[in-house]
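Work through the exercises below with the structure in view. Try each task before you read its solution.

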Amino acid sequence: AEKEMVEIKMRNLKLLKMTENLEEKNRNQEVQIGEYEKLRESHLQLKKKDDQSKSRIAELETRIVVLVEAVRGRERVEEEKEKLEKMLTEQQKIIKLALARILPRKGEVSFCQEHVGLIR
């Protein structure tokens with residue numbers, strides 16, 4: 001009977017030790033689960049930030065395209081303006097030359113009075 005009592009105590013000690021080990025493992029798992037939850041939350045926040053960043057990048061890329069087109073349009077307008085100014089300057093020169101031939105200065109050959117009336 002004493003032998004059985006010693007065996008029962010030994011089994012009881014083994015069971016207590018196993019229980020302690022399982023409780024320790026359980027505590028470790030709870031800590032790991034807590035860390036996992038923190039990591040998961042952090043991951044979700046980073047993913048949300050990443051999605052927002054991608055969205056903002058897409059908006060900025062679209063804006064860049066619009067601005068580039070606006071700059072190109074402005075450059076085309078500026079080129080057209082320069083062409084028109086050059087053409088206007090050339091036409092002014094031609095008109096001045098034509099007027100110099102049509103309306104002579106004092107001391108130069110004068111036209112007959114009939115044509116002078118038509119010119120003025």
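**Exercise 1. Place E59 on the exposure scale: is E59 buried, partly exposed or exposed?**

Step 1. Know the ground rules. This is a predicted model, where local features need pLDDT of at least 70, side-chain atom pairs count only at pLDDT 80 or more, and totals for chains, interfaces and linings use all residues. Residues are numbered from 1 along each chain as its sequence is written, and side-chain values use heavy atoms, with hydrogens and water left out.

Step 2. Take the cut-offs. Buried means under 20% relative accessible area, exposed means over 50%, and partly exposed lies in between (1.4 Å probe, protein chains only).

Step 3. Apply them. E59 has 45% relative accessibility, so E59 is partly exposed.

**Exercise 2. Find the partner of E59: which residue forms a salt bridge with E59?**

Step 1. Recall the criterion. A salt bridge needs a side-chain nitrogen of Lys or Arg within 4 Å of a carboxyl oxygen of Asp or Glu. Side chains of opposite charge can pair when their charged atoms come close.

Step 2. Name the partner. R56 pairs with E59, and their closest N and O atoms are 3.4 Å apart.

Step 3. Check the spacing. E59 and R56 are three residues apart in helix α1, so about one helical turn separates them. Helices here are DSSP runs (H or I, at least four residues), while strands are runs of E with at least two; both are numbered from the N terminus.

Step 4. Check the exposure of the partner. R56 is partly exposed, at 47% relative accessibility.

**Exercise 3. Compare two further pairs: how many residues apart are D50 and K54, and E69 and R72?**

Step 1. Start with D50 and K54. They form a salt bridge, with the closest N and O atoms 3.4 Å apart. Both lie in helix α1, four residues apart, or about one turn.

Step 2. Look at their exposure. D50 is partly exposed at 37%, whereas K54 is exposed at 52%.

Step 3. Move to E69 and R72. Their side chains meet in a salt bridge at 3.3 Å, N to O. They sit three residues apart in helix α1, again about one turn.

Step 4. Look at exposure once more. E69 is partly exposed at 41%, and R72 is partly exposed at 43%.

Step 5. Widen the view. The whole structure holds five salt bridges.

**Exercise 4. Locate the nonpolar surface patch: which residues form it?**

Step 1. Set the rule. Patch residues have over 30% relative accessible area and no salt bridge; like charges are joined within 9 Å, nonpolar side chains (Val, Leu, Ile, Met, Phe, Trp, Tyr) within 5 Å.

Step 2. List the members. V6, M10, L13 and L16 form the patch, with about 380 Å² of accessible area together. Such areas come from the Shrake-Rupley method with a 1.4 Å probe; for residues, only the protein chains shown count as cover.

Step 3. Zoom in on one member. M10 lies in helix α1, residues 2-102. M10 is partly exposed, at 46%.

**Exercise 5. Describe the whole protein: how many helices and strands does it have?**

Step 1. Count the elements. The protein has two helices and zero strands.

Step 2. Add the burial. Of its 120 residues, 1% count as buried.

Step 3. Add the surface. The accessible surface comes to about 12200 Å², and 58% of it belongs to carbon and sulfur atoms.
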